[in-house]
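Me: I've got a model open here and I'd like to go through the labels people hang on it. Can you take my questions as they come and show the reasoning each time?

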Amino acid sequence: MSEIVILTESAASQIKQMMKESGEENAYFRIGVYGGGCSGLSYAMGFDHEKREKDHESVQHGVRILVDDESALVLKGTVIDYKEAAMGGGFTINNPNAIASCGCGSSFRTATNAGKPEEC
């Protein structure tokens with residue numbers, strides 16, 4: 001089975017560092033989507049200790065990843081990277097399913113899911 005979400009080595013390294021700094025080395029890295037944001041859907045990323053029945057699990061570069069069943073539909077093929085810049089670093093999300101996104105880059109919509117747009 002192909003991965004729903006692909007982590008680059010750089011993103012995985014940053015996630016592992018964040019897990020270590022927050023004492024979450026045994027946690028999963030969960031990525032999902034929820035309704036909201038200016039374009040209708042927003043990304044959610046965080047640490048979780050519980051795998052649910054309808055979660056998809058994978059391991060990439062030593063990071064255990066969970067994606068819930070509903071989010072998997074709009075995240076298929078998404079690449080998460082981490083880039084350093086002069087003003088600090090940050091995660092970038094390249095979702096091939098997104099047909100529109102807001103200026104901040106954290107909200108999007110797909111051809112089949114408009115989400116729940118909110119005021120910016």
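Me: Which residues is Thr 78 in contact with, leaving aside its neighbours within four places in sequence?

Reply: Bear in mind that this is a predicted model. In it, Thr 78 is in contact with Ile 4, Val 5, Ile 6, Ile 93, Asn 94, Asn 95 and Pro 96. Thr 78 itself sits in strand 6.

Me: What makes Thr 78 count as buried?

Reply: Its relative accessibility is 0%. Buried means under 20%, so Thr 78 earns the label.

Me: And what makes the pair of Thr 78 and Asn 95 a polar contact?

Reply: Their side chains come to 3.4 Å, and the cut-off for a pair of N or O atoms is within 3.5 Å. So the pair qualifies as a polar contact.

Me: How do you know that strand 1 and strand 6 pair?

Reply: Two strands need at least two bridges to pair, and these have three, in the parallel sense. So strand 1 (residues 5–7) and strand 6 (residues 78–85) pass. Val 5 has Thr 78 as its bridge partner, and Ile 6 stands opposite Val 79.

Me: What about strand 6 and strand 7, in which sense do they pair?

Reply: Antiparallel, over seven bridges, with strand 7 covering residues 88–94. Ala 85 stands opposite Gly 88 there, and a hairpin of two residues joins strand 6 to strand 7.

Me: Why is the pairing in this sheet called mixed?

Reply: The open sheet has three strands in the order 1-6-7. Strand 1 pairs with strand 6 in the parallel sense, while strand 6 pairs with strand 7 in the antiparallel sense, so mixed is the right word for the pairing.

Me: Why are strand 1 and strand 7 said to stand at the edges?

Reply: Each has a single partner strand, so one side of each is left without a neighbour in the sheet. On average, neighbouring strands of this sheet are turned by 25° against each other, direction ignored. Helix 1 (residues 9–21) packs on the sheet, touching strand 1, strand 6 and strand 7. The direction of helix 1 makes about 75° with that of strand 6.

Me: Which residues touch the most other members in the largest nonpolar core?

Reply: Leu 7, Val 67 and Leu 75, out of 21 residues. Strand 1, helix 1, strand 2, strand 3, strand 5, helix 2 and strand 6 each supply at least two residues of this core. Helix 1 gives the largest share, four residues. As for Leu 75, its contacts beyond four places in sequence include Ile 31, Val 33, Tyr 43 and Val 67.

Me: Is Ser 71 buried or exposed?

Reply: Buried: its relative accessibility is 3%, and the cut-off is under 20%. Ser 71 lies in helix 2. Beyond four places in sequence, Ser 71 is in contact with Gly 32 and Val 33. A polar atom of the Ser 71 side chain lies 2.8 Å from the backbone nitrogen of Val 33.

Me: What makes Asp 55 and Arg 30 a salt bridge?

Reply: Their N to O distance is 2.6 Å, and the rule asks for within 4 Å, so the pair counts as a salt bridge. It links distant parts of the chain, with Asp 55 in strand 4 and Arg 30 in strand 2, 25 residues apart. Both residues are buried.

Me: Why does Arg 52 count as partly exposed, and Asp 48 as buried?

Reply: Arg 52 has a relative accessible area of 44%, which falls between the 20% and 50% limits, so partly exposed fits. Asp 48 is at 13%, under 20%, so buried fits. The two form a salt bridge with their closest N and O atoms 3.5 Å apart.

Me: How do you know that Lys 51 and Glu 57 meet in a salt bridge?

Reply: Their N to O distance is 3.0 Å, again within the 4 Å limit. Lys 51 is partly exposed at 41%, and Glu 57 is partly exposed at 37%. Elsewhere, salt bridges that share partners join Arg 30, Asp 48, Arg 52 and Asp 55 into one network.

Notes:
Residues numbered from 1 in each chain as written. Predicted model: local features only at pLDDT ≥ 70, side-chain atom pairs only at ≥ 80, totals over all residues. Heavy atoms only, no water. Axes fitted to C-alpha atoms, helices over the stretch in contact; angles between N-to-C directions. Contact = heavy atoms within 4.5 Å. Core = buried A, V, L, I, M, F, W, Y, C linked by side-chain atoms within 4.5 Å. Buried < 20%, exposed > 50% of the residue type's maximum accessible area, 1.4 Å probe, protein only. Polar contact = N/O pair within 3.5 Å; in protein donor to acceptor, adjacent residues only side chain to side chain. Salt bridge = Lys/Arg side-chain N within 4 Å of Asp/Glu carboxyl O.
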